[in-house]
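Student: Please take one part of this model and look at it closely, starting from a single loop and following its contacts outward. I would like the cut-offs behind each term stated as you go.

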Amino acid sequence: MKYVLLLAALIAAPALAQVTVENAWARATPPGARIGAGYFTLRNTGTTADRLVAVSSPAAARVETHVTVKEGDVSKMREVKGYEVPAKGSLELKPGGSHLMFVDIKAPFKEGQRIEALLRFAKAGEVKVQFEVRPLGSASHEHQHMH
């Protein structure tokens, strides 16, 4: 009986949360910068929601999940405890919205470089990703970062 249950769990598990990462990129950083930003789209083709709960990278001391909120005329970043990815849905991390912060980067991010990271999801487990480093002004105008 336990083998039947194990087999049933193995067959059902992939349908629960199937998260993929698309278009992962990071901005190049100026010399001396201590932080970098990363963006991507998460797609969940599974039948249950999932949650990105942690991110790590050998390129930084830590990686935090952030959102940008506008207070008056000033945009401020706030750390959040991960991101929800809806069942059969997606979540886009982009400049001016949800994004990753690579904190205490070990070296500047240079255009053309690849930055490795490991995403940990509550249900889908670990997903390895490589961020393509794009020019400093990529995808949007720089927004003011304040904590």
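Tutor: A good starting point is S57, which lies in the loop between β3 (50-56) and β4, where strands (E, at least two residues) and helices (H or I, at least four) are DSSP runs numbered from the N terminus. This is a predicted model, in which local features need pLDDT of at least 70 and side-chain atom pairs count only at pLDDT 80 or more, while totals for chains, interfaces and linings use all residues. Residues are numbered from 1 along each chain as its sequence is written, and side-chain values use heavy atoms, with hydrogens and water left out.

With a relative accessible area of 9%, S57 is buried, a label for values under 20%, whereas over 50% is exposed and anything in between is partly exposed (1.4 Å probe, protein chains only). The side chain of S57 has two polar partners: the backbone nitrogen of A59 at 3.1 Å and the backbone oxygen of E116 at 2.6 Å. A polar contact here is a pair of N or O atoms within 3.5 Å; within protein, one must be able to donate a hydrogen and the other to accept it, and residues adjacent in sequence count only if both atoms are side-chain atoms. If residues up to four places away in sequence are set aside, S57 touches V63, F102, I115, E116 and A117, a contact being heavy atoms within 4.5 Å.

Two of those neighbours, V63 and F102, lead into the sheet, for V63 stands opposite F102 in β8. Strand β4 (residues 60-71) pairs with β8 in the antiparallel sense over 6 bridges, and two strands are taken to pair if DSSP finds at least two bridges between them. Strand β4 also runs antiparallel to strand β5 (residues 74-80), with 7 bridges joining them, and in this pairing T68 stands opposite M77. The hairpin of β4 and β5 has 2 residues between the strands, and within that hairpin G72 takes a positive phi near 70°. Also in strand β4 is K70, which at 60% relative accessibility counts as exposed; its C-alpha is 9.8 Å from that of G97, although the two residues are 27 apart in sequence.

F102 deserves the most attention. Its relative accessible area is 0%, so it is buried, and the structure holds 4 aromatic pairs, one of which joins F102 to F109 edge-to-face at 5.4 Å centre to centre, with 80° between the planes. F109 is itself buried, at 1% relative accessible area. F102 pairs with F131 as well: the ring centres are 5.5 Å apart and the planes stand at 90°, so this pair is also edge-to-face. Because F102 lies in strand β8 (residues 99-105) and F131 in strand β10 (residues 125-134), the pair ties together parts that are 29 residues apart in sequence. Rings of Phe, Tyr and Trp (its six-membered ring) are said to pair if their centres lie within 6.5 Å, with planes under 30 degrees apart counted as stacked, over 60 as edge-to-face and the rest as tilted. F131 is buried at 0%, and F40, F102, F109 and F131 form one aromatic cluster.

The setting of these rings is the largest nonpolar core, which has 27 residues and in which F40, L42, L100, F102 and F131 have the most contacts; such a core is a set of buried Ala, Val, Leu, Ile, Met, Phe, Trp, Tyr and Cys residues joined through side-chain atoms within 4.5 Å. A second, separate core of 6 residues includes A37, Y39, M77 and V103, so the M77 that stands opposite T68 belongs to that second core.

Strand β8 also contains D104, which has a positive phi of about 55° although it is not a glycine and which counts as partly exposed at 30% relative accessibility. Most residues other than glycine have a negative phi.

As for confidence, pLDDT (the predictor's confidence in each residue, from 0 to 100) averages 86 for the protein, and 82% of the residues score at least 70. Over residues 4-15 the pLDDT is below 50, and this stretch has 2 contacts in the model beyond near neighbours in sequence. Residues 140-147 are also below 50, yet that stretch has 22 such contacts.
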